[in-house]
Each structure stands twice: as structure tokens, then as C-alpha cells.
Amino acid sequence: MGLIESIFLLVGSLGFLLYGMRLMSDGVQKSAGERLQRALSMMTGNRFVGVVTGLLITMIIQSSGATTVMVVSFVNAGLLTLAQSVGVIFGANIGTTITAWIVSLFGFNFKISSFAIPIFGLGFFLTLMKDSRSKNIGEAVMGFGLLFMGLSGLSDVFSFDASSLGFLKDVQSWGIFSIVIGVFIGIVITALMHSSSAFSAIVITMAFKNIITWEMACAMTLGSNIGSTIDAIMAAVGTSADARRSAVIHVMFNVLGTCFALLIFKPFIRFVVWLTPSSNIAIQISMLHTVFKTVNTLILLPLSDQLIKLSHFLVKDDVEADLKTYRLEFQDSSLVKESTAMHIIRLEKEIADMTDVATNMFDRLQIGIMKRNQEFIDSHIEKLTAAEDYCDQMHEQLARYIINCQHLPITDAQRNNLSLMVSIVGELEGMTDQVFCAGKLIEKSIEKKMKFPQEDMERLVPYVELARQFLQFIRININKHLNEDKLEMATELEDQIDLYRKNLRKVARKRLESGADVKAELLYIDLVRQIEKIGDHAFSISEMLAQTA
């Protein structure tokens, strides 16, 4: 085979391999990714459960890079704590070894091309089904077929006499320097390919064809573990301090483990050979990969607290957050750009945060209505103003984020939910406007020293409390589907608020007719109307939640 032909075949084979792995990962994520990612976002504080979760998710989606990017994103969104992320990151590193086992067990025991094309064909016909789940599974099967077509091409590329590469033989005989060179090659090529699994397939193929020695294969495999951290590093750019720390822990896991393995390199690889029941070098490399990741996890998992402390030392805290500037960036990473479920989970978290801001604003308003003194102006008006401006920013950026999500591959149910999210965010922003306006009315009444009869203020207490209950109802049920019983509860709250509003306005009009202070009574009526509008926004959100899938 000529040099030019070999280069083209190598490039094409790598293309099949990388695209096949991506297609397989995307297909699995589309068919089961939402459930997997929701399981990840609801992780408990148990690090051992985290390890198992990270391991299983990575084995299923065939990409530790995708898993760690999700972890960094969830930590950034506040869905996972830094401590919770550690176990998942460790488990993801173990789970990524599954590809090496697939290659070593199936890639060289029989002619790959004899079943790669039929598998691809089966996957293609599955994508023609009307059922979206069948289409996604078909996509994954097509990826599986492409992966083996890539392996077949690699096998053909490296089918030559290794003795013809004299320089490679010389490099591999340089003792400790050859190991260092192998590690460096593993780091660089894996970082460029963004896939330790794909590089492992190349190393296994070269070792199986006797192009590289066992020791060089081990060194390159260890180096690939460091190169694989590139995706987490890129995902952490511009994120919160804890998200950057989770990426740092991922880097430390691989760098510290690799350095330790290199210190005991000879005994370590002898141990792997002893542990492997087969003399097949492909299986031995897969065993090396798995043993390295597992031993590394067993050593470092008990030291998680120390790693977290070290990450705090390396990555300084963010400037204390306040309600001034809101930032929500749509992460268009090649690993996660089609992971619609992850973006929706992030949106749900942000909408819940917006609901919290609206509820806290109402709590401040309630203090003003109950006390109506200068302390309210001094302690709460400025914070109400900042919170209202913050929610305006949330409304704008969340709407933009949702629009970006609608351009991703989404199901009809997801499309419906995203459309409802736009409306819910708009209602929440409208609610905060009403709370702010009501707060300014209270401020005006205090500054103008308006007098209200005690019984009038007492009548407001149950009315305001009903509105507060409605906001708490929304806060508890936000991002959840409301069944008929809960929607009926929302309707009852809305009806009670409307009834109170009518009675309060009727009483205020009677006082106006009897010669009461016009300005005070009109402000009172306006305050009653603002609170009623808050209830209207809450009821509109309830109706939308009832329409979610």
C-alpha cells in the first residue's frame, strides 16, 4: 500500500471511528438521555452512588467527555454540588474503558467488515420508522456499525511489516525516554481528537499489529488519560468557581493517577499482565486501562475532601453574587449541543430561581404592608428595585436561551414545554413588576404620611396572605405537571382573591362617597388591584403547568 493511499485510508478510518462513536452516543442520549441526565441532576450526596452513576451513564452514552461536560454544566447551574460531582467524575473515568473492551473483544476475533455493513443497514432502516425512539435507537446502531468499519480500516492501514519503520523501533528502545515520548503522544493526539476511547482503539490496533511494543502502548494509554481532560477544561471556561473546580478535580484525577502509574511503571504493567487471563495484547491494554482507572478511584475517592480543598486553593471564590447582573450563556459545545435534555434541565433550574426571586420580593412587600414605616423604605425598597431589574434581565436571557433550545433536535413534547416556558417566564416577570409597583405604592403612602383606618389595614391581611399562599403554591409546583386536583386548588385560590378584591374595593368606594381622603383611598384601591394582578399571573402559570407534558 502506497504512502498516500495509507494516509487517506487512515484519515477515512478515523473519520468513521469518531463519527460512529458520536452517532452512537447521540442516538443513546436522544433515546434515553433525558432520563439519564435527570438521574444525574438529582444525585444524592453519597459519593459511592455518584461513582456508580457516572460509570453507568458513561458506559451507556460511550463518552466520558460528554458526562464530565454535563457534570461541569450542572455544577455551574447549581444542580450538583462540588462534593457530589467528585464521585460522578471518578465513575465516568472508569466507564470510558468500555470502548476499549468492545474493540479488544470484538474487533480482532473475526472479520469486522462482514457484520459492520449489515449492522449499519439495520440501523438505517430503524431510522425510517415513524416512532422517534426507534429512530434514535437506529442512529445508535448505525454509529455502532460505523465504529467497526473504522476499526476495519485501521486494521488495513497498519497491516505492514513493522521492521520497515526503523525510526519507530529506535524510539521504542530508548528506555525511560521512550515511555515519556509515548505519554506525550497520548496527551497530544487525545486532546486533538477529543476522544480517549478513539485513541485507545488506535493504540490497541497498532499493538495488535506489532507496530508498537507493549510498553509503548501502555505509555500512550496513560498519556491519553491526561489528554481526555481537554473537554472538561473547555466546558469550564466562563463558569462559576465550583464548576471550574470540578474540572480541576477531573484533571487532578487523571494527572495524579498517571504520575503515580509512571513512578511504578514496570511493576504496574507486570501486575496487569499477571491479572489478565489472556496473552492477547489487545485485551491486556483494555485491562491496563480499567485497572488504572479503578485503582485510581479506590485511592483518590477516600481523599475527595482533600482534593476539594486543593481545588479551592487553586481556584479562588467568585466575587459575592448579588441581584445586579444576570448571566445565562447557551453552551454550544460539540459534546453537548444536541443534548436538549441537559439544556431543559438547566432552564428548569433557572425558572425555579426566578420564582424564588419573585417570592422573596413578595415577602418584602408583605413586610411593608404590615408595618408601613420608614424602616421598610430604608431596608427593602432598594432591594426590591434591584430584584425587579434582575428579573427583567432573567426574562430577556431566558427567552433567548429557550429560542436557542428550539433549534436543537427536540421532540413534540419538548417543543410544547419550551413554548410554555417562554410564557411562564413572561408571567413571572409580569408578577415581579406588580410586586415592585405595589412596593412603590407603599413607599408613596409612607412618604406622604397617608392615614388608613386600622380596620382597612386589617382587611388586607387575609387578602395578602392568600396571594402569598398562591405564590408558594407556584414555587412548590414550578416545572411540574399540575393534575386536575392541583389545578382546582389554584382555581379556588384565584376565586378567593377575586372575591376579596371585590369586597375591598366596595368598602373603599363607600368611604370615598362618605368623604374620606381621596388620595389615600385611590392608592388603597390601586394596591388592592396590584395584588389581584399578582394572583392573575400565578393562575396563568398554573394553567400553563397543567398543559406541560
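Which residue follows α19 and has a positive phi? Here are a few points to go with the model above, which is a predicted one.

1. **The end of α19.** The residue in question is K449, with a phi near 55°. The helix before it, α19, contains 36 residues. From first C-alpha to last, α19 reaches 53 Å, close to the 52 Å expected at 1.5 Å a residue.

2. **Overall make-up.** You are looking at a protein with 22 helices and 0 strands. Buried residues come to 53% of the 549 in the protein. Taking the contacts with a separation of 6 or more, 83% are between residues 24 or more positions apart.

3. **The largest nonpolar core.** This core has 71 residues, and L460 and F470 are those with the most contacts inside it. At least two residues of the core come from each of α17 (340-371), α18 (374-405), α19 (412-447), α20 (454-477), α21 (484-513) and α22 (518-547). A second core lies apart from it and has 37 residues, including I179, I211, M220 and A282. As a general background, nonpolar side chains in soluble globular proteins tend to be buried together.

4. **L460 and its partners.** If you would like a residue to start from in the largest core, try L460. Setting aside neighbours within four places in sequence, L460 is in contact with I369, L504, Y524, L527 and V528.

5. **S542, a serine to look at.** Is S542 buried or exposed? This residue of helix α22 counts as buried because its relative accessibility is 0%, and the cut-off for buried is under 20%. Beyond residues up to four places away in sequence, S542 touches F470, F473, I474, L482, L487 and A490. F470 on that list is also one of the two residues named for the most contacts inside the largest core.

6. **The α4–α13 pair.** Helix α4 (residues 82-95) packs against helix α13 (residues 241-263) at an angle of about 35°, and their axes are 10 Å apart. The crossing of the two is right-handed. On the α4 side, the residues that meet α13 are L82, S85, V86, I89, F90 and N93. Their counterparts in α13 are D242, R245, S246, I249, H250, F253 and N254. By class, this contact has 6 nonpolar, 5 polar and 2 charged residues. When you look at the spacing of these positions, it may help to recall that an α-helix has 3.6 residues a turn, so residues three or four places apart point the same way.

Terms used. Residues numbered from 1 in each chain as written. Predicted model: local features only at pLDDT ≥ 70, side-chain atom pairs only at ≥ 80, totals over all residues. Heavy atoms only, no water. Core = buried A, V, L, I, M, F, W, Y, C linked by side-chain atoms within 4.5 Å. Buried < 20%, exposed > 50% of the residue type's maximum accessible area, 1.4 Å probe, protein only. Helix = DSSP H or I, 4+ residues; strand = E, 2+ residues; numbered from the N terminus. Contact = heavy atoms within 4.5 Å. Axes fitted to C-alpha atoms, helices over the stretch in contact; angles between N-to-C directions. Left-handed = near helix turned anticlockwise from the far one by under 90°. Nonpolar A, V, L, I, M, F, W, Y, C, P; charged D, E, K, R; others polar. Expected span 1.5 Å × (residues − 1).
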